[in-house]
Amino acid sequence: VRLEDDQWGTGIHPSALVSPQAQLAEDVTVGPYCVLGSCRVGAGSRIGAFCRIHDGVVLGRRVKIREHASLGGVGFGAERGPDGILARFPHHGSVIVEDGVEIFPYANVDRGTFGPTRVGEGTFVDHYVHIGHNSSVGRHCIITAQVVLCGKSVIEDRVWLGVGSIIREGRRVGADATVGLGTVVIKDVPAGATVAGVPARHIRSVPPSS
Ligand SMILES: CC(C)(COP(=O)(O)OP(=O)(O)OC[C@H]1O[C@@H](n2cnc3c(N)ncnc32)[C@H](O)[C@@H]1OP(=O)(O)O)[C@@H](O)C(=O)NCCC(=O)NCCS
């Protein structure tokens, strides 16, 4: 039986493209076919095959980024001019991923417009999650598959976001809250609440694991 953590290999795979400006701690692992810009990667962090880490991204220590994840790319933001033609809204910010975070395959974290997009210490981010520009995810959260955080969402510590839930831009989900699967959050969620449905409604105040 192979243990999960045996599969990362060691060192920088020869097929990875790593910017000369990247600052990698000595024991960092970078898998095959990764492309790393001028990012910083902390000690003990591991980056799986085919990941894209853009300029300005800062990864803390013992971070695990699994295959095909993308961090620090430009956000989708578009503005329509008076002539009706779309122009790209500039995104010059960064992404900060704190110590011990795990990000699963095909997840995407956009860089901020000016400030950073943040994923807090010890948080787990599942497959196909999208974290929009300038969102802030707190510490030790569980963000399950296909969650979408529209730009500038604030997710406080230890929040649990169910599969496919969507958090409207700029909304805050309070600490220890639970958001049910498929839920659309359009208003702030109080700390400790459990909400579910479209739009999200309070269903009870104590999450099932407590
Ligand atoms: C929100 C959740 C935690 C609540 O679980 P629970 O405490 O067992 O709640 P119940 O199933 O008893 O449901 C309570 C009420 O909320 C409703 N409800 C629960 N989850 C809902 C959801 N996701 N959307 C809409 N309504 C929901 C139920 O229909 C029920 O309504 P009723 O009282 O009118 O019959 C759970 O339903 C949920 O969505 N879990 C997320 C699952 C998930 O994403 N797993 C990922 C694993 S990787």
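**Loop residues and salt bridges in a predicted model**

S135 is buried, with a relative accessible area of 1%. The model in which this value was computed is a predicted one. S135 is found in the loop between β18 and β19, the latter strand covering residues 136–137. A polar atom of the S135 side chain lies 3.0 Å from the backbone oxygen of G132, and a polar atom of that side chain also lies 3.1 Å from the backbone oxygen of C150. When residues up to four places away in sequence are not counted, S135 touches P116, T117, R118, L149, C150, G151, K152 and S153.

A second loop residue is D126, placed between β17 (124–125) and β18 (130–131). D126 has a relative accessible area of 24% and is therefore partly exposed. Its side chain has a polar atom 3.2 Å from the backbone nitrogen of A145. The C-alpha atoms of D126 and F104 are separated by 4.9 Å, although these residues stand 22 apart along the chain. F104 is also among the contacts of D126 beyond four places in sequence, together with A107, I143, T144 and A145.

The loop between β13 (94–97) and β14 (102–103) holds D99. Because its relative accessible area is 19%, which falls under 20%, D99 counts as buried. The D99 side chain makes a polar contact of 2.8 Å with the side chain of R61. Beyond four places in sequence, D99 touches G60, R61, R62, V63, E121 and G122.

Charged pairs add another view of the chain, with a count of six salt bridges. One of them joins the side chains of E98 and R118, at 2.8 Å from N to O. E98 lies in the loop between β13 and β14, whereas R118 belongs to strand β16 (residues 116–119), so this pair ties together parts that are 20 residues apart in sequence. E98 is partly exposed at 23% relative accessibility, and R118 is partly exposed at 25%.

E121, one of the residues touched by D99, forms a salt bridge with R139, the closest N and O atoms being 3.5 Å apart. This pair links distant parts of the chain, 18 residues apart: R139 is in the loop between β19 and β20 (142–143), and E121 is in the loop between β16 and β17. R139 is partly exposed at 34%, as is E121 at 30%.

A further salt bridge connects the side chains of D176 and R158 at 2.7 Å, N to O. Here D176 lies in the loop between β25 (172–173) and β26 (178–179) and R158 in the loop between β22 (154–155) and β23 (160–161), so parts 18 residues apart in sequence are tied together.

Key: Residues are numbered from 1 along each chain as its sequence is written. This is a predicted model: local features need pLDDT of at least 70, side-chain atom pairs count only at pLDDT 80 or more; totals for chains, interfaces and linings use all residues. Side-chain values use heavy atoms; hydrogens and water are left out. Helices (H or I, at least four residues) and strands (E, at least two) are DSSP runs, numbered from the N terminus. Buried means under 20% relative accessible area, exposed over 50%, partly exposed in between (1.4 Å probe, protein chains only). A polar contact is a pair of N or O atoms within 3.5 Å; within protein, one must be able to donate a hydrogen and the other to accept it, and residues adjacent in sequence count only if both atoms are side-chain atoms. Contact means heavy atoms within 4.5 Å. A salt bridge is a side-chain nitrogen of Lys or Arg within 4 Å of a carboxyl oxygen of Asp or Glu.
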